[in-house]
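Here are some notes on the model, set out as numbered points for checking against the coordinates.

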Amino acid sequence: MAIDSQTLTYRGRLVHMVRTHQFTRPLLEDIFDVADAARLLNTSRPGSIYLQDSLVGRRALLYFVQPSSRTFLSFQAAASMLGMSTSEVRERETSSEVKGESALDTVRTYAMYHDLIIMRYPEPGFSEQCARHFIDYDLRRHVINGGSGQDEHPTQALLDIYTLHREFYNRGGIDGKRILLVGDLARGRAARSLLQLLTLYEGVNVDLVSPSELRMKEDMLRLGEKYFTDIRVSDQIDKFLSDADAVYMTRVQSEYDSKDFSPQVDESGYALSDSRYGLLKSNAVVMHPLPRRDEIPTELDRDPRSRYWEQVENGMWARVGLIAHMLGCTERVKSS
Ligand code: NCD
């Protein structure tokens, strides 16, 4: 059973971040302020030393048993920016799970040595189960979901929304914008979680373009219909490009192919190209959670509308903001 957001919070602070719906707009805005303050601090030596003093002596474990490099390193960098030391477990085979230990016992053991467990795990809901376990046993530890199966990727959504917030800062913010999500919307957790965070903004319009077999699942479509001013679903990209304030590209998540479901997708049907960029607004924002395949050719990286490399960097700062919030040093960072 899902835990309600209240249980995962203590005195207005998130203790665990396991589900995207835990984010509220004021909380996001606070995290953005901390991320901006930390980014600024880090531009000087005394500032970066001050920042690193924030959580010195605290320890984070990166428990990443699904492939990851950017999220893993982004969290590692974020934790060390705040002075935390980090350790890692990247394969279940190296843990006592192979001796028949339950996954919860394994994580509980790790929690004895760390203040924060950041986890990427193939089974949806596992980070939530860990959070519940820590609450039940009154273990004062924190859990962050760094990606759970096809289900959720709350911190990717956090960095995506932080990127949109920065890009639209001088253009009235995210409210009222039209966002085009493209690619494997059925199995891509990044797109699912972003769609969820977009529901926190007013008057947002969303277009969802994917090959028909990779359409966004019903639960998210229903959520979108409830919250967005307008939501359009299609398998054709071209007619949506000129309306978009932001385009969020994703790759086909073929690691989830099975013998029953292995769609043969022709990416050229929706991949961006010079001519498709030509249809975009001059100030549109093009994003991608990465890794990319052929959805965006590298020749387009220099186009000022391509913001995915900035998005990667924003990810580290957004995670600094989140960790600072959860471990209680936002005032220190902001007041510097
Ligand atoms: C995303 C993921 O793992 O869901 N990548 C990431 O965290 N940056 C998107 C993807 O793998 O396609």
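1. In this predicted model, the axes of helix 6 (residues 154-167) and helix 7 (residues 189-198) come within 8 Å and cross at roughly 55 degrees. Because angles between the parallel, perpendicular and antiparallel ranges count as oblique, helix 6 is oblique to helix 7. The crossing of helix 6 and helix 7 is right-handed.

2. As to the residues involved, helix 6 contributes Pro154, Gln156, Ala157, Leu158, Asp160, Ile161 and Leu164, which meet Ala190, Ser193, Leu194, Leu197 and Leu198 of helix 7. Sorted by character, the residues of this contact between helix 6 and helix 7 comprise nine nonpolar, two polar and one charged.

3. Helix 6 also lies across strand 7 (178-182), strand 10 and strand 11, and with respect to strand 11 it runs at about 165 degrees.

4. In what order do the five strands of the open sheet stand? The order is 9-8-7-10-11, and the pairing is parallel. Strand 9 (230-234) and strand 11 stand at the edges, each with a single partner strand, so one side of each is left without a neighbour in the sheet. On average, and with direction ignored, neighbouring strands of this sheet are turned by 15 degrees against each other.

5. Within that sheet, strand 10 (residues 246-249) is joined to strand 11 by three bridges, and the two run parallel. Tyr248 stands opposite Met287, a residue of strand 11.

6. Some backbone geometry deserves a careful look, since most residues other than glycine have a negative phi, and most peptide bonds are trans. The peptide bond from Leu290 to Pro291 is cis, with omega near 5 degrees, and Pro291 lies in the loop between strand 11 (285-287) and helix 11 (308-327).

7. Two residues other than glycine with positive phi may be examined alongside that bond. Arg11, with phi near 50 degrees, lies in the loop between strand 1 and strand 2 (13-14), and it counts as exposed because its relative accessibility is 74%, where the cut-off for exposed is over 50%. Asp138 has a positive phi of about 55 degrees and is found in the loop between helix 5 (126-136) and strand 6 (142-148).

8. Is Gln6, in the segment before strand 1 (9-10), buried or exposed? With a relative accessible area of 60%, Gln6 is exposed. Gln6 and Ser54 are 48 residues apart in sequence, and their C-alpha atoms are 26 Å apart in space.

Methods:
Residues are numbered from 1 along each chain as its sequence is written. This is a predicted model: local features need pLDDT of at least 70, side-chain atom pairs count only at pLDDT 80 or more; totals for chains, interfaces and linings use all residues. Side-chain values use heavy atoms; hydrogens and water are left out. Axes are lines fitted to C-alpha atoms, for helices over the stretch in contact, and angles run from 0 to 180 degrees between N-to-C directions. Helices (H or I, at least four residues) and strands (E, at least two) are DSSP runs, numbered from the N terminus. Angles under 35 degrees count as roughly parallel, over 145 as roughly antiparallel, 65 to 115 as roughly perpendicular and the rest as oblique. A crossing is left-handed if the near helix is turned anticlockwise from the far one by less than a right angle, and right-handed if clockwise. Contact means heavy atoms within 4.5 Å. Ala, Val, Leu, Ile, Met, Phe, Trp, Tyr, Cys and Pro count as nonpolar, Asp, Glu, Lys and Arg as charged, and the others, Gly among them, as polar. Buried means under 20% relative accessible area, exposed over 50%, partly exposed in between (1.4 Å probe, protein chains only). Two strands pair if DSSP finds at least two bridges between them.
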